[in-house]
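Q: I have a new structure open and don't know where to start. Can you walk me through what is in this chain?

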Amino acid sequence: GTAAEHVGLRVDATASLSGFAARTGETVYASDMLKDPRVDLEATKRIGARSLICAPLYRDGSVVGVLSVLGTKPDAFDELAIETTRLMAEFVSSVLRNSKELEARQELVEELQVSEARFRGAFYASSLGMALTTLDGQFVQVNDKLAEMLGYTVEELSGLGVRGITH
């Protein structure tokens, strides 16, 4: 688009419309950037934009960026375009939130996998007989040491349950 060659351009947040949107947390519109005191005139001239909508992007309740829509002519946008930009920013903010939640879930899954591996290692390598049972006494898991101590195979013991080995 119009600003493609300027992607990554940094402007002073205290002297730009995007900075104003970030500070206020509000969607803002400059119908003619050459006449708006909130706009960085040098950047405006360099990009060749005349109209600008800026809508804040949120993550964890804080503004983390700004979605900007540029027009090459003054008064390029109407109220519908401004509202659409605001809604697009809300959508992008939702995606940011969801990505963070997915990252957190993935970290929890990885931590759980490590914990389960540690438990399995301790359970099956233990020199003590160990079993996991249901509330009604059925074996869920039995280690080799318990089976050996009781004179059964793991498969036989698993089928017997606690009642099958106690008197």
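A: One term comes up at once: a residue is called buried when its relative accessible area is under 20%. This is a predicted model, and in helix H1 (residues 17–24) the residues Leu17, Gly19 and Ala21 are buried.

Q: What covers the buried residues of H1?

A: The cover includes strands S1, S2 and S3.

Q: And what does Gly25 do just after H1?

A: Gly25 takes a positive phi of about 70°.

Q: Okay, zooming out. How many helices and strands are in the protein chain?

A: There are five helices and five strands. Starting at the N terminus, their order is α-β-α-β-β-α-β-β-α-α.

Q: Is the chain spread out or compact?

A: Spread out: its radius of gyration is 31 Å, well over the 15 Å that the globule rule gives for 167 residues, so the chain is more spread out than a compact globule. Along the principal axes, the C-alpha atoms fill a box of roughly 90 × 30 × 25 Å.

Q: What share of the 167 residues is buried?

A: Buried residues make up 25% of them. The chain exposes about 11,000 Å², and carbon and sulfur atoms supply 56% of that area.

Q: Back to those three strands. What order do they have in the sheet?

A: The order is S1-S2-S3, in an open sheet with antiparallel pairing. S1 (28–30) and S3 (62–71) are the edge strands, each pairing on one side only. From one strand to the next, the twist averages 20°.

Q: How many bridges join S2 and S3?

A: Nine bridges, in the antiparallel sense, with S2 covering residues 51–59. One position to look at is Tyr58, which stands opposite Val63 in S3.

Q: Which strands does H3 touch?

A: H3 packs on the sheet and touches S1, S2 and S3. The direction of H3 makes about 25° with that of S2.

Q: Give me a residue in H3 to click on.

A: Try Ser93, which lies in H3 (residues 79–125).

Q: Is Ser93 buried or exposed?

A: Ser93 counts as buried because its relative accessible area is 9%, and the cut-off is under 20%. Apart from neighbours within four places in sequence, Ser93 is in contact with Pro56, Leu57 and Tyr58.

Q: Which residues make up the largest nonpolar core?

A: Ten of them: Leu17, Ala21, Val28, Ala30, Met33, Val39, Ile47, Ala49, Leu52 and Cys54. H1, S1 and S2 each supply at least two residues of this core.

Q: What is Val28 in contact with?

A: Not counting neighbours within four places in sequence, Val28 is in contact with Leu17, Phe20, Ala21, Arg38, Leu52, Ile53 and Cys54. Another core lies apart from the largest one; it has five residues, among them Phe139, Val142, Leu146 and Ala147.

Q: Why would nonpolar side chains end up together?

A: In soluble globular proteins, nonpolar side chains tend to be buried together.

Q: Last topic: S4 and S5. In what sense do they pair?

A: Strand S4 (residues 131–133) and strand S5 (residues 139–142) pair in the antiparallel sense over three bridges. Leu132 has Gln141 in S5 as its bridge partner.

Q: How many residues sit between the strands in that hairpin?

A: Five residues lie between S4 and S5, and Gly137 in this hairpin takes a positive phi near 95°.

How values were computed:
Residues are numbered from 1 along each chain as its sequence is written. This is a predicted model: local features need pLDDT of at least 70, side-chain atom pairs count only at pLDDT 80 or more; totals for chains, interfaces and linings use all residues. Side-chain values use heavy atoms; hydrogens and water are left out. Helices (H or I, at least four residues) and strands (E, at least two) are DSSP runs, numbered from the N terminus. Buried means under 20% relative accessible area, exposed over 50%, partly exposed in between (1.4 Å probe, protein chains only). Contact means heavy atoms within 4.5 Å. Two strands pair if DSSP finds at least two bridges between them. Axes are lines fitted to C-alpha atoms, for helices over the stretch in contact, and angles run from 0 to 180 degrees between N-to-C directions. A nonpolar core is a set of buried Ala, Val, Leu, Ile, Met, Phe, Trp, Tyr and Cys residues joined through side-chain atoms within 4.5 Å. The radius of gyration is taken over C-alpha atoms; the globule rule is 2.2 Å times the number of residues to the power 0.38. Accessible areas come from the Shrake-Rupley method with a 1.4 Å probe; for residues, only the protein chains shown count as cover.
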